[in-house]
Amino acid sequence: MNIIKSPKVLLLILITTMTMHATVAQDQNMTNTIDALKALGKATLITKAITIIDTNYPELQIEPQDYKITVWSNTKDVLVNFQSLVQFSPLGNDTTFDYNLIVNMLNNNVNNFDLFGTDRFYVPTTEERKTINRVKQLVGFQPDFINEVQETEKTYRLYISNDVYFYSYEIDKITGDKLPNTEVQGNWEPDPDQDNDKPNPDPLLEME
């Protein structure tokens, strides 16, 4: 028995088929692009990311040595992450600054700067950079920790932390001596809902 489909049904089947083929082709193109980027290797991706920042936002004055730079990827993204080694808050500051950067290598976007601008991103003055370099000399910062420095009239307050551990204390601005009774340290309490979270089927993995 022959089944005669109406023109509307045939058109719907055609559109559905074309949409499916377009989606498959788009997914394949995305996969090819990501594979090509990953094939460049970590060092080249970092160099390209720095060029993107310097070209699009030269006012940020990025110094690579001020950051821990890592590259992450999954089936949808290739990201270069710039984590500031020292997050400095100068004397009298009342602004909540942004210190870190993420460059999306698929579209060359840097954070949300295209939408919100760079006004909140911290760019040290010449004098503040001298202060940051002095604090670096006084304190043995570790790159796997977030190192926050708050300047006061006579001291630098330091907050050092990672996902597990935190440590804070104050040092004298002139001598660099640790001030007594200013140390606080401990471990973060684990998220009680962490064990109940569903595993991410497409996690970002760090490239070596």
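## A tour of two sheets, two cores and a cavity

Four bridges join strands E2 and E4, which run antiparallel. Select these two strands to begin; the model is a predicted one. Within the pair, Leu79 stands opposite Asn104 in E4.

**The antiparallel sheet.** Now widen the selection to the whole sheet. E2 and E4 belong to an open sheet of five strands, ordered E5-E4-E2-E1-E10, with antiparallel pairing. Strand E5 (109-110) and strand E10 (205-206) stand at its edges; each has a single partner strand, so one side of each has no neighbour in the sheet. Add H2 next: this helix packs on the sheet and touches E1, E2, E4 and E5. The direction of H2 makes about 70 degrees with that of E2.

**The largest core.** Keep H2 in view and show side chains. The largest nonpolar core has 24 residues, and those with the most contacts inside it are Val80, Phe82, Leu101, Val103 and Met105. Helix H1 (7-40), helix H2 (42-56), strand E1 (67-73), strand E2 (78-84) and strand E4 (101-104) are the elements that give two or more residues to this core. The largest share, six residues, comes from H2. In general, nonpolar side chains tend to be buried together in soluble globular proteins.

Which residues is Val103 in contact with, leaving aside its neighbours within four places in sequence? Centre the view on Val103: the contacts are Ala49, Ile52, Ile53, Val78, Leu79, Val80, Phe82, Asn109 and Val110. A second, separate core has 18 residues, including Leu85, Val135, Phe141 and Phe145.

**The mixed sheet.** Select E3, E6, E7, E8 and E9. In that order these five strands form an open sheet, and the pairing is mixed. Its edge strands are E3 (87-89) and E9 (184-187), each paired on one side only. From one strand to the next the twist averages 15 degrees.

Helix H4 (residues 126-138) packs on this sheet, where it touches E3, strand E6 (146-151), strand E7 (155-161) and E8. The direction of H4 makes about 120 degrees with that of E3.

**Along E6, E7, E8 and E9.** Step through the strand pairs in turn.

- E6 and E7 form a hairpin with three residues between them. Their pairing is antiparallel over six bridges, and the bridge partner of Glu151 is Tyr156 in E7.
- E7 and E8 also form a hairpin, with three residues between them. These strands pair in the antiparallel sense over seven bridges, and Ser161 stands opposite Phe166 in E8.
- E8 (residues 165-172) pairs with E9 in the antiparallel sense over four bridges. Here Ser168 stands opposite Val184 in E9.

How many of the seven residues of E7 are buried? Colour E7 by accessible area: five of the seven are buried, and the strand is mostly covered.

**The cavity.** For the last stop, display internal voids. The count comes to one cavity of 30 Å³ or more. About 190 Å³ of space lies in the largest cavity. To find it, select Asp66, Tyr67, Ser84, Val86 and Pro124, which lie nearest its centre among the 17 lining residues. Which element gives the most to the lining of the largest cavity? Return to H4, the helix on the mixed sheet: H4 gives the most, with three residues.

How values were computed. Residues are numbered from 1 along each chain as its sequence is written. This is a predicted model: local features need pLDDT of at least 70, side-chain atom pairs count only at pLDDT 80 or more; totals for chains, interfaces and linings use all residues. Side-chain values use heavy atoms; hydrogens and water are left out. Two strands pair if DSSP finds at least two bridges between them. Axes are lines fitted to C-alpha atoms, for helices over the stretch in contact, and angles run from 0 to 180 degrees between N-to-C directions. Contact means heavy atoms within 4.5 Å. A nonpolar core is a set of buried Ala, Val, Leu, Ile, Met, Phe, Trp, Tyr and Cys residues joined through side-chain atoms within 4.5 Å. Buried means under 20% relative accessible area, exposed over 50%, partly exposed in between (1.4 Å probe, protein chains only). On a 1 Å grid over the protein atoms alone, a cavity is a set of points where a 1.4 Å probe fits but cannot get out, and a pocket is an open set with protein on both sides within 12 Å along at least five of seven lines; lining residues have an atom within 4 Å of a point. Grid points are joined across faces, edges and corners, and a volume is the space filled by probe spheres set on the points.
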